[in-house]
Amino acid sequence: MSKDILEKIKQQFQKGLEDSGGNLEKLKELQVKFLSRKSKLNQLLKGLKDLSPEEKKEFGPLANKTKQEMEGEIIGLIKELQQKKDLEKDWIDVTIPGKEEKIGHLNLLTKTQRDIERIFTSMGFEIADGPEIENEYYNFDALNIPQSHPARDLWDTFWLKNKDKNGDNLLLRTHTSNSQVRYMEKNQPPFQIIIPGKAYRYEATDANHEHSFCQFEALVVGDDISVANFKSIAEEFFSAFFGGKIEIRLRPSYFPFTEPGFEFDISCKVCGGKGCSTCSNTGWLEMGGCGMVNQKVFKAAGYKKNQYQGFAWGFGIERLAMMKYKVDDIRHFRSGDLRFVKQF
Ligand code: FA5
């Protein structure tokens, strides 16, 4: 072994470094070539043991120093380049315009229902719930609509094949009024609640009718509740919902569970009551049914006759949304057509 060999290895190594041009892969190859176990330098180091003590003393430290220097140099370079490469991989160009994330939003129907709930809760109402699969008793009988009564035909019904555990026929509720007696059986007046939810009717669909739709019921019961309370609450609700002063008009109507019963209209929001195409030039828009709770319904709930008075009303949430957002066909709501959904 001579100093020249070590010097030559070092020179070849230096040249290799220059020729690599800072290429990481080439540097790694160079590391293997000059510093692996089989490299010339390592072979020399292994051969040290065969040298005389004097030679060992002279070349040993020199060979080790050469190896350490080469290692230090190439490892440092590889590390530096590797870090640079990692940084490049993680680098983000903050000047590139962002991609717009497509975020979903509430369906118009959900939004309308939440608006209704918000307004009523701000007026001190509670929100109650009831089953969509109902028995004949709560949907009809408890509401003073006995089996043979022609009024039953007002609510075309989807009947289920199964019966409940008491043998009563099951159906998809035709209105949220099904929850009136259910609630009253468990609660004593005074209370004021709304019951929003789905209702189903076995009827042909058109621009204003769906087989599945949403309704909400309002029920206010206490010692001294009158139609005047209904009018003021309804006016307050509709004014908050549509924005601006809305008036209420009652027309006599018939619901077996009310006495007296009414259809109620609201003043047309579009023309302010003057008459326009939306309200067929009447200045009024039909909203839904309402009335004073029939004492027979209180009886079914277990209340004493004439102990309480209350009013109830119910109407379609789609119809309300249609008026507010000018939707011309109720069937859009469940069409799944994104062109409709995205508009709101
Ligand atoms: C009822 O369902 C009564 N339960 C309402 C009621 C409650 C009256 C409490 C008195 C006291 P009616 O069948 O008219 O009534 O329906 C009420 C509202 O539900 C309608 O005014 C309408 O807004 C909506 N509605 C009824 N049928 C459909 C349908 N097929 N598609 C969409 N909305 C409907």
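Reader: Where is the place of Arg152?
Author: The model is predicted. In it, Arg152 belongs to no helix or strand; its place is in a loop, the one between α6 and β3.

Reader: Is Arg152 buried or exposed?
Author: The relative accessible area of Arg152 is 8%. Buried means under 20%, so with 8% Arg152 counts as buried.

Reader: With which side chain does Arg152 make a polar contact of 3.1 Å?
Author: Two polar contacts of the Arg152 side chain can be named here. One, of 2.4 Å, joins Arg152 to the side chain of Glu136. The other, at 3.1 Å, is with the side chain of Asp141.

Reader: How many residues apart are Glu136 and Arg152?
Author: Glu136 and Arg152 form a salt bridge, with the closest N and O atoms 2.4 Å apart. Glu136 lies in helix α6 (residues 136-139), while Arg152 lies in the loop between α6 and β3 (159-163). The pair therefore links distant parts of the chain, and the separation is 16 residues.

Reader: What is the relative accessible area of Glu136?
Author: Arg152, the salt-bridge partner of Glu136, is buried at 8%. Glu136 is buried as well, because its relative accessible area is 5%.

Reader: What is the N to O distance in the salt bridge of Glu318 and Arg334?
Author: A side-chain nitrogen of Arg has to lie within 4 Å of a carboxyl oxygen of Glu for the pair to count as a salt bridge. The side chains of Glu318 and Arg334 meet that rule, with an N to O distance of 3.0 Å.

Reader: Which loop holds Arg334?
Author: Glu318 and Arg334 meet in a salt bridge. Glu318 lies in helix α10 (residues 317-325), so the bridge ties this helix to a part 16 residues away in sequence. Arg334 is in the loop between α10 and α11 (338-341).

Reader: What is the relative accessible area of Arg334?
Author: The two partners of this bridge fall into separate classes: Glu318 is buried, at 1%, whereas Arg334 is partly exposed. Partly exposed lies between 20% and 50%, and the value for Arg334 is 33%.

Reader: Which helix holds both Glu69 and Lys65?
Author: The side chains of Glu69 and Lys65 meet in a salt bridge, 3.3 Å from N to O. The two residues are 4 residues apart, about one turn of the helix, and both lie in helix α4 (residues 53-90).

Reader: Which residue is linked with Lys65 and Glu69 in a network of salt bridges?
Author: Lys65 is partly exposed at 48%, and Glu69 is partly exposed at 33%. Their salt bridge is part of a network that also includes Lys10.

Reader: How many salt bridges does the count come to?
Author: The pairs described so far include Glu69 with Lys65, Glu136 with Arg152 and Glu318 with Arg334. These are part of a total count of 13.

Reader: How far from a nitrogen atom of the ligand is a polar side-chain atom of Glu203?
Author: Glu203 is among the residues that come nearest to the ligand, together with His175, Ser177, Arg201 and Gly316, out of 25 around it. From Arg201, an N or O atom of the side chain is 2.8 Å from a ligand oxygen. From Glu203, a polar side-chain atom reaches a ligand nitrogen at 2.3 Å.

Reader: What share of the ligand's accessible area does the protein cover?
Author: The backbone takes part too, as an N or O atom of Met287 lies 3.5 Å from a ligand oxygen. On its own the ligand has 670 Å² of accessible area, and the share covered by the protein is 93%.

Reader: Which element gives the most residues to the shell around the ligand?
Author: The ligand sits in the largest pocket. Two or more residues of the shell come from each of β6 (212-222), β9 (284-293) and β10 (309-316). The top contributor, with 5 residues, is β10.

Reader: Which residue follows Glu259 in a cis peptide bond?
Author: One cis bond runs from Pro189 to Pro190, with omega near 0°, and Pro190 is in the loop between α7 (179-186) and β5 (191-200). Another has omega near -5° and starts at Glu259. It leads into a residue of strand β8 (residues 258-267), namely Pro260.

Reader: What is the phi of Ser280?
Author: Asn144, in the loop between α6 and β3, has a positive phi of about 65° without being a glycine. Ser280 is found in the loop between β8 and β9 and counts as exposed at 58%. Ser280 is not a glycine either, yet its phi is positive, at about 50°.

Notes
Residues are numbered from 1 along each chain as its sequence is written. This is a predicted model: local features need pLDDT of at least 70, side-chain atom pairs count only at pLDDT 80 or more; totals for chains, interfaces and linings use all residues. Side-chain values use heavy atoms; hydrogens and water are left out. Buried means under 20% relative accessible area, exposed over 50%, partly exposed in between (1.4 Å probe, protein chains only). A residue is near a molecule or strand if one of its heavy atoms lies within 4 Å of it. A polar contact is a pair of N or O atoms within 3.5 Å; within protein, one must be able to donate a hydrogen and the other to accept it, and residues adjacent in sequence count only if both atoms are side-chain atoms. Accessible areas come from the Shrake-Rupley method with a 1.4 Å probe; for residues, only the protein chains shown count as cover. On a 1 Å grid over the protein atoms alone, a cavity is a set of points where a 1.4 Å probe fits but cannot get out, and a pocket is an open set with protein on both sides within 12 Å along at least five of seven lines; lining residues have an atom within 4 Å of a point. A molecule sits in a cavity or pocket if more than half of its atoms lie within 2 Å of its grid points.
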